[in-house]
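Visitor: Could you take me through one part of this model in close detail? I would like to look at charged side chains that pair up.

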Amino acid sequence: MKKFFTGNFGVFIVSVASFLPVFFWIFQEPISIRFATTFSVFRSFGQVFGLIGMSMFAVVLFLSARLKIFDKYFDGLGRAYDLHHFLGGLAFSFILFHPLFLALAYFSMAPPLALSFLFYPSTFAINYGRIGFLIMAILLILTFYYKTSIKYQNWKLSHKLLGAAFFFGGLHSLFITSDISTNVVLRWYILILSALGLAAYIYRTLLYPFSVKRYLYKVSTIRKIGNDVIEITMLPLESKMKYKIGQFIFVSFKSDVVGKESHPFSLISSPDDNFIRIAAKSSGDYTKNLTNLSIGDLAEVEGAFGVFSPEKSKNKNQIWIAGGIGITPFLSAARGLDWKNFSVDLYYSFKEESDGVYLKELQNISNQVGNLKVVPWISQDKGKINFYEIKKLDSKIKDKSIFICGPSTMIESLKKDFINGGVSKKNIFSEEFSM
Ligand SMILES: Cc1cc2nc3c(=O)[nH]c(=O)nc-3n(C[C@H](O)[C@H](O)[C@H](O)COP(=O)(O)OP(=O)(O)OC[C@H]3O[C@@H](n4cnc5c(N)ncnc54)[C@H](O)[C@@H]3O)c2cc1C
């Protein structure tokens, strides 16, 4: 029950918030009248889809606020972002069907009416809706269909512009003559929800430099480890950011050569350290550029976020599985955990011997703490790490909690096999390195 109110409470609230307007709509007018004629059936669907679409859109904007409380109510910021993406697509579908159903309603009376409804200049309220719809359609088509080929920063910019679509959609829903204008409760509900969505958007996007709390750090050491990993240590210039084992930050370096974008990285330092440290694998333009950082460069750090901690599970007999750079949250755990109660097997999987950049250090920690067993997994020799191989080495898998961090494909296939192999879903915890 407690887990429901932490992990799933947020999902429950955003679902209710998105669909509640239908409840108000149902009681506004008898259903028999709502569905009396072909025209009214299509019009009703159009209204309901519009109401849900706009409420969900407000919820989607709210979810983009990247608030720390999301960790608690969505079981991690990553999950809040997953929900944000999922509901974003769904909101768009509802909004898309809103004018289509209304057009069908007019079509059922006389086909030319449908065309003039869709394309003829009309009242301000309708035109606001058209503008909002067009902005949303163009941006979402770009973001959904070209997500893999457009640069992350352009994708992010197109996302930011969605606020304008919401603004026009909001004007449309508040000024149009409809159930919203006649039902006071519905009107206030939509107003409050829209205000929340807009406030979140203003907080995160328009007023970001002033509204979002960030900590100022200074790069103190830069260390290249292995072929493509760079370790960056930063010292606080003002107050020190508090964080827990396994958490991550968004960091933006004040450096013209690297770029000021903000990117997420897990902390590999221990919460007791005076400094913070990250390890970044070069995987794209930004991370490749990190080698150009200089000692003394300033960094703005937002966080810390995330709930991916071995302390999260009551079961202290654990298996940790790291794929490549997915080792980072486990490094902070290995360094900062109170090892008295834990017994952990860490499977550290990497492609070839030179990629196991933290193996030695982990083996040293293992020698000190005693309760940590490190199992290197060189996939070039042994193939990809999988449930069946782990089971051969460990017959007590079912009694353990499993923590996985690495590429999404690895997480998904391991999770599936562990569940099929009898491990309870609630004992599997994972962290994906993408949002
Ligand atoms: C919770 C979390 C923790 C992470 N921890 C680490 C870590 O400890 N070490 C490490 O090397 N990597 C980590 N990453 C991944 C790291 O953030 C990305 O590799 C990096 O942002 C890629 O940027 P790029 O421009 O070099 O690559 P690109 O090729 O531009 O991006 C590759 C992918 O990374 C994601 N990405 C890019 N930019 C951002 C951004 N600004 N914000 C969010 N996602 C973005 C996108 O999904 C993109 O498709 C973490 C990611 C997350 C979500």
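Visitor: How many salt bridges does a search of the whole structure find?

Guide: Happy to help! This is a predicted model, where local features need pLDDT (the predictor's confidence in each residue, from 0 to 100) of at least 70 and side-chain atom pairs count only at pLDDT 80 or more, while totals for chains, interfaces and linings use all residues. Residues are numbered from 1 along each chain as its sequence is written, and side-chain values use heavy atoms, leaving out hydrogens and water.

The search finds 15 salt bridges, each being a side-chain nitrogen of Lys or Arg within 4 Å of a carboxyl oxygen of Asp or Glu. Take Arg 204 and Glu 302, whose side chains meet at 2.7 Å, N to O. Arg 204 belongs to helix α11 (residues 184-206) and Glu 302 to strand β6 (residues 298-305), so this pair ties together parts 98 residues apart in sequence. Helices (H or I, at least four residues) and strands (E, at least two) are DSSP runs, numbered from the N terminus. Arg 204 and Glu 302 are both buried, and salt bridges link them with Arg 66 in a network.

Strand β6 also holds Glu 300, which forms a salt bridge with Lys 254 (3.6 Å, N to O). Lys 254 sits in the loop between β3 (248-253) and β4 (263-266), so here the parts tied together are 46 residues apart in sequence. Lys 254 is partly exposed, at 32% relative accessible area; buried means under 20%, exposed over 50%, and partly exposed in between (1.4 Å probe, protein chains only).

Finally, Glu 231 pairs with Arg 223, their closest N and O atoms being 3.2 Å apart. Glu 231 is buried at 3%, whereas Arg 223 is partly exposed at 41%.
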